[in-house]
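Here are a few short exercises to work through with the model open beside you. Try each task before reading its solution.

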Amino acid sequence: MASKSPLDQLVEKAVSQVLEGHLPELRKDLVRRVLEEVRPHLGASAGAATSSGSAELLQAVSAIHAGTTQKEILRALLESTTAYSGRAALFVIKSGSATGWQGRAFENGEALKDFSLDVSSGPAASALQSRTVVRAGSAEMDPNFISQFGAPAEDNVLILPLRLKDKVAALVYADAGTDAGGRMEAAALELLVAATSAWLEVASLRKQAVKEGAAESAPTEKFDAPPVQTVSAFSDPFAAHAPKHVVAEVPVEEPAMAEATAEIVSAPAATTAAAAAAAAAPATDAFAHMSAEDADVHRKAQRFARLLMDEIKLYNQAKVAEGRKNKDLYDRLKEDIDKSRSTYHKRYGNTAAANADYLTNELIRSLAEDDVSLLGPNFHR
C-alpha cells in the first residue's frame, strides 16, 4: 500500500477536524430524521406513551388533592412516589431531628417508623438548610440508614424538602431501589412534593379562613357589611368543597407524625391565637380606647388584611422571593395586590376601620418584611 503524501495527510486531518466539530449536530440531525421516518410506522403508540405519562402524573396530583386530612395527603404523596422511584420514605422534622414516618418498597418498613435520620451532615442536612432538592450518592447518606435499609443499586439518591410556611416540615427520601434497572424520575418527584406542600398550606389557610368567616357571620354582628368571598374562596378553585380540616388524630402507632401534623396545621392557628391574646391584653390593646363595637370591627379588619397577604405569599412564592431580591415586589404582584385591596375596601371601606389602612400595613409588614423599599418605586401608600 502506497504511503500517503504530505498533501493527503493534510487534507485528511482537515476533514477529520471539521467532522469532529460538527459531529454533535450531525448526531442530533440523524436522530431527528430517523424519528421522522419511524414515527408514522409506530402509529399512536409514541404519542400515547407521553399522554399516558402525563395522565399518570395528573392522577397522582389529584389523589394528593383529594386528601381531607394531613395523614391522607401525606399517604397519597408516598403512594404516588411508587410510580417514579424504587423506594421512598418520609421523615418528619421535629425539634431539629428527622424521624421516620412511613416508607414505600422498603423490606423492613416497620423499622423505618422509628428511625432517626442524621441531619447534622450530608445531603439531609443540605436539604434542610437550603430548603432545596439535593441529589447525592449513597455513600454520602447517613451510614446507619444505608446499613439498616440497604444501599440502592443505582448510586443516586434524592432528598426533597416538604416546606410549609417557609420552614421544612419533612424530608422525602427517594432512590431507584435495590434492584438493578430501578426507576427514579426526579422532576416528577419534585412536582409531587411541591403539590403536597401547596395543598397542606391551602388546607391550613382554608381552616383559618373558615374560622374568620364564622366569626364575621356570627349573630352578634353589629354592623351591616356587604357580602364578600372569604379568602379561601377568593382564588381557591376547591373552595366549594372546603372540608373542615382538623388537627391530625393521634394514633398510638404513629406518634411522630401525629405531633408533626399537629404542629403543621396548628401553626397558623397558634399564631392567630397568640395575636388574639395579645390584642386582648389590656397593657397592649391598641383598641382599648374604642367602643366594644368599633374595636371588634378594627380587629376583624386587621385579621382579614393578614389573611389576604398570607394568600398572596402562598400562591406567589417565587415572585415574592424575586421581588424582595430585586426590590420590585409591587410591580411583580400588582394584580394580586390591587385585587386584594379592592376586596378589603369592599368589606371595610364603609366601616369604623375605614381610615385605618390595615391592608397597607400588612403589605409592608408581611410581604415586604417591614422594608417598604422592597416594594419598589411604583408603590404608593
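pLDDT is the predictor's confidence in each residue, on a scale from 0 to 100, and a contact means heavy atoms within 4.5 Å. Keep both in mind, since this is a predicted model.

**Exercise 1. Confidence**

Find where confidence is highest and lowest in the protein, and look at the stretches with pLDDT under 50.

*Solution.*
1. Start with the overall picture: the mean pLDDT is 75, and 67% of the residues score at least 70.
2. Next, go to the extremes. Strand β4 (residues 134-136) has the highest confidence, at 95, while helix α8 (residues 231-235) has the lowest, at a mean of 34.
3. Residues 41-51 have a pLDDT below 50, and this stretch makes 0 contacts in the model beyond near neighbours in sequence.
4. Now turn to residues 219-283. Here too pLDDT stays under 50, but the model has 93 contacts beyond four places in sequence for this stretch.

**Exercise 2. Strand pairing**

Trace how strand β2 pairs with β1 and with β3.

*Solution.*
1. Strand β1 (residues 87-94) and strand β2 (residues 97-104) are antiparallel and share 7 bridges. To check the register, take A88: its bridge partner in β2 is R104.
2. Look at the connection. β1 and β2 make a hairpin with 2 residues between them, and S95 in the turn has a positive phi of about 55°.
3. Move on to strand β3 (residues 116-117), which is joined to β2 by 2 bridges and runs antiparallel to it. Here A98 has L117 as its bridge partner in β3.

**Exercise 3. Salt bridges**

Work out how the partners in the salt bridges D296 to K300 and D338 to K334 are placed, and whether each is buried or partly exposed.

*Solution.*
1. The count comes to 11 salt bridges.
2. In the pair D296 and K300, the closest N and O atoms are 3.0 Å apart. Both residues lie in helix α10 (residues 292-315), and because they are 4 residues apart, about one helical turn separates them.
3. For burial, use the cut-off: buried means under 20% relative accessible area. K300, at 5%, is therefore buried, whereas D296, at 32%, is partly exposed.
4. D338 and K334 come to 2.8 Å between their closest N and O atoms. They too are 4 residues apart, in helix α12 (residues 329-348), so about one helical turn lies between them. D338 is partly exposed at 26%, and K334 is partly exposed at 41%.
5. Finally, R306, E362 and R365 form one network through salt bridges that share partners.

Key: Residues are numbered from 1 along each chain as its sequence is written. This is a predicted model: local features need pLDDT of at least 70, side-chain atom pairs count only at pLDDT 80 or more; totals for chains, interfaces and linings use all residues. Side-chain values use heavy atoms; hydrogens and water are left out. Two strands pair if DSSP finds at least two bridges between them. A salt bridge is a side-chain nitrogen of Lys or Arg within 4 Å of a carboxyl oxygen of Asp or Glu. Buried means under 20% relative accessible area, exposed over 50%, partly exposed in between (1.4 Å probe, protein chains only).
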